[in-house]
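Colleague: I am new to this one, so could you show it to me and let me ask how you arrive at your labels?

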Amino acid sequence: LFEAIVNKQVLNVRYKSFKANKPITCEIHPYYLKQYNNRWFLLGWNTEFSDITNFALDRIEAVSPILGEYRPKPEGLNFDEYFEDIVGVTIEKGKKIEHIVMRIAPDRYPYIKNKPLHPSQHNYDKEYRISIDVIPNKELIALLLSFGSQMEVLEPQSVREMMREHVKTLNKFYK
């Protein structure tokens, strides 16, 4: 995949997501490899969706080069900036950056302060609160849920509601 990026080689990728019953085959113009949460992802132009798509490498079943004119990365696209406003690799279309404020359990606060959730993190020591400015996505929600009862999302209401829905589902499991 790295060689395909360097050599600007169009690829045929057979990919099976966890949600799909069977694999799909896509024409991909590969641009970038990114690691997140001990998994690698390929980002490239997906001709079927006419957009940049990410593919978890462990879900790719087959890759083969194909003939075709390589579509270059959109001008001005900088992947460091592309991922600057998110946690993880998923950018959901139409969503905007949110200012997310969380209250942290006092015994957990020093760990989160010293290992920030995101580069935008601000720490409020006296209140045991932190804030981050990110576009909410599934990786963010998974990260926040990983803190269990040691973190409460205070705002915005939209992210608080996402957390509430997950907690309601969890509550059904443990009744």
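Modeller: Gladly; this is a predicted model, and we can take a few residues in turn.

Colleague: Why is H118 called buried?

Modeller: Buried means under 20% relative accessible area. H118 has 7%, so the label fits. You will find H118 in the loop between α3 (109-114) and β7 (122-124).

Colleague: What makes the link between H118 and I86 a polar contact?

Modeller: The pair of N or O atoms must be within 3.5 Å. A polar atom of the H118 side chain lies 3.5 Å from the backbone oxygen of I86, so the pair counts. H118 also touches other residues, including E84, D85 and I132.

Colleague: How do you know that N137 is buried or exposed?

Modeller: Its relative accessible area is 2%, and the limit for buried is under 20%, so N137 is buried. N137 sits in the loop between β8 (129-134) and α4 (138-145).

Colleague: Which backbone atoms does the side chain of N137 reach?

Modeller: One of its polar atoms lies 2.8 Å from the backbone oxygen of V87. The side chain also reaches the backbone nitrogen of L140 at 2.8 Å. Among the residues N137 touches are T90 and E92.

Colleague: And why is Y174 called exposed?

Modeller: Exposed means over 50%; Y174 has a relative accessible area of 68%, so it qualifies. Y174 is in the segment after α5 (157-173). With L170 and F173, Y174 forms a nonpolar surface patch of about 400 Å² of accessible area together.

Notes
Residues numbered from 1 in each chain as written. Predicted model: local features only at pLDDT ≥ 70, side-chain atom pairs only at ≥ 80, totals over all residues. Heavy atoms only, no water. Helix = DSSP H or I, 4+ residues; strand = E, 2+ residues; numbered from the N terminus. Buried < 20%, exposed > 50% of the residue type's maximum accessible area, 1.4 Å probe, protein only. Polar contact = N/O pair within 3.5 Å; in protein donor to acceptor, adjacent residues only side chain to side chain. Contact = heavy atoms within 4.5 Å. Patch = residues over 30% accessible without salt bridge, like charges linked within 9 Å, V, L, I, M, F, W, Y side chains within 5 Å. Areas by Shrake-Rupley, 256 points an atom, 1.4 Å probe, with all protein chains shown as cover. Salt bridge = Lys/Arg side-chain N within 4 Å of Asp/Glu carboxyl O. Lists of a residue's contacts leave out its neighbours within four places in sequence.
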